Amino acid sequence: IINGVEVDDAQFSTNYNYLASLQTSTNFHYCGGTIVSPHHIITASHCLEPSAWSDPSSHSDIFIVVGAADRGLNTEVNRFKVEEIIAHPCYDAAMTNYDIAVLRVEEDLLEGTGARSIPWAIPGTDMYATGSKVSTSGWGTTVSGSGTAPNFLMTTEYEITSNEVCGAAYSMPTIPGTTLTGLPETMVCGSGTNADGLQTDSCQGDSGGPLVTVTSEYQGETLLGVTSFGIGCALPEYPGVYAKVEMFHKFLDWAVSNGPNTFDGSD
Ligand code: 4AZ
């Protein structure tokens, strides 16, 4: 997170304890995640590509660390093995589209860890309105391109960017192969400035983490987005791009909630 604020233990345990850190067996943090059930976290599909972690040969080298602002506090109690990876079947690495995945854990992520789950957005909310106050958080770099991650969770206030502005910024073809431009409906963008007027953003290592509503406005956080990509970090002309969670409710019902046990890939 660029130009954000550090989350201390007290703030973490009351406000940010839905965050998860994805780490390798050697405690290397490489992506974020959001706890959405006692046995599931939502992350980005691109975090699960072999290049994203140290041992490309093995999915077993993904560990989920929950319940601590300090990502180094990974013990037997708050560190979990991944039982199953459920990437969205339409994930498109070339376009970074449908960049959402669910990780299932056998043990209970919430029991004795101080962690909690939050709900994901379903269609029909007004929470994606341009200018809505949201926040994004993670253990990603605080300096663009530096490659080093902070030990403590960082967070920043943020606002939903209009689809038109964001689509134009990235010149994104809505339908690949056509000249139509605009942001795909599977994405939502955000940007922000902090109290000192500095541009804030998610950055490398924040991927997979949350874009959430601000509690005071919505009486409890709702997961709106999954940190996905951007050009640079905190550049005013390039908002951060997030997978738009409301578009994936059928996938999430299927993957998380014992919904219909078939999923045809359509949302
Ligand atoms: C990344 O590489 C990344 N500012 C994530 C988010 C953004 C840029 C890069 C958005 O993980």
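The legends below describe close-up views of a predicted model.

**View 1. The seven-stranded sheet and its edges.**
An open sheet of 7 strands is shown, with the order S6-S5-S2-S3-S4-S8-S7 and antiparallel pairing. Strand S6 (79-81) and strand S7 (84-87) stand at the edges; each has a single partner strand, so one side of each is left without a neighbour in the sheet. From one strand to the next, the twist averages 35°. Within this sheet, strand S3 (residues 29-37) pairs with strand S4 (residues 40-43) in the antiparallel sense, over 3 bridges. One position to locate in this pair is Thr34, which stands opposite Ile42 in S4.

**View 2. Helix H4 against the sheet.**
Helix H4 (residues 249-256) lies across four strands, namely S3, S4, S7 and strand S8 (101-104). The helix runs at about 10° to S8.

**View 3. Strand S5 and its two partners.**
Strand S5 comprises residues 63-66. Phe63 and Val65 point one way from S5, whereas Ile64 and Val66 point the other way, and all are buried. Strand S2 (residues 19-23) pairs with S5 in the antiparallel sense over 4 bridges. In this pairing, Ala20 has Val66 of S5 as its bridge partner. S5 is also joined to S6 by 3 bridges, and these two strands run antiparallel. Here the bridge partner of Phe63 is Lys81 in S6.

**View 4. Strand S10 and its three pairings.**
Strand S10 (residues 154-161) is mostly covered, as 6 of its 8 residues are buried. Three pairings of S10 can be followed in turn. Strand S1 (residues 5-6) pairs with S10 in the antiparallel sense over 2 bridges, and Val5 stands opposite Thr155 in S10. Strand S9 (residues 133-138) pairs with S10 over 6 bridges, again in the antiparallel sense. In that pairing, Lys133 has Glu159 of S10 as its bridge partner. Strand S11 (residues 187-193) is joined to S10 by 3 bridges, and the two run antiparallel. Ile160 stands opposite Gly190 in S11.

**View 5. The largest nonpolar core.**
The largest nonpolar core has 67 residues, and those with the most contacts inside it are Ile64 and Leu224. Ile64 belongs to strand S5, where Ile64 and Val66 point the same way and are both buried. For Leu224, neighbours within four places in sequence are left aside; the residues in contact with it are then Ala121, Met127, Tyr128, Val134, Val188, Leu211, Val212, Thr213 and Val245.

**View 6. The surroundings of the ligand.**
The ligand is surrounded by Asp201, Ser202, Cys203, Gln204, Asp206, Ser207, Thr227, Phe229, Gly230, Cys233 and Gly240. By character, the residues of this shell divide into 3 nonpolar, 6 polar and 2 charged.

**View 7. Gln199 and its contacts.**
Gln199 is found in strand S12 (residues 199-200). This residue has 15 C-beta neighbours inside 10 Å and therefore counts as partly exposed. When residues up to four places away in sequence are not counted, Gln199 touches Asn3, Thr193, Ala234 and Pro236. The contact with Asn3 brings together distant parts of the sequence: the two residues are 196 residues apart along the chain, and their C-alpha atoms are separated by 6.8 Å.

**View 8. Two loop residues with positive phi.**
Thr96 is found in the loop between S7 and S8. Although Thr96 is not a glycine, it has a positive phi of about 45°. Thr96 has 18 C-beta neighbours inside 10 Å, so this residue counts as partly exposed. Ser171 has its place in the loop between helix H2 (163-170) and S11. Phi of Ser171 is near 45°, which is a positive value in a residue other than glycine. Ser171 counts as exposed because it has 8 C-beta neighbours inside 10 Å, and a residue is exposed if this number is 12 or fewer.

Key. Residues numbered from 1 in each chain as written. Predicted model: local features only at pLDDT ≥ 70, side-chain atom pairs only at ≥ 80, totals over all residues. Buried ≥ 20, exposed ≤ 12 C-beta atoms within 10 Å, placed from the backbone. Pairing = 2+ DSSP bridges. Near = placed C-beta within 6 Å. Nonpolar A, V, L, I, M, F, W, Y, C, P; charged D, E, K, R; others polar. Axes fitted to C-alpha atoms, helices over the stretch in contact; angles between N-to-C directions. Contact = placed C-beta atoms within 7 Å. Core = buried A, V, L, I, M, F, W, Y, C linked by C-beta atoms within 7 Å.
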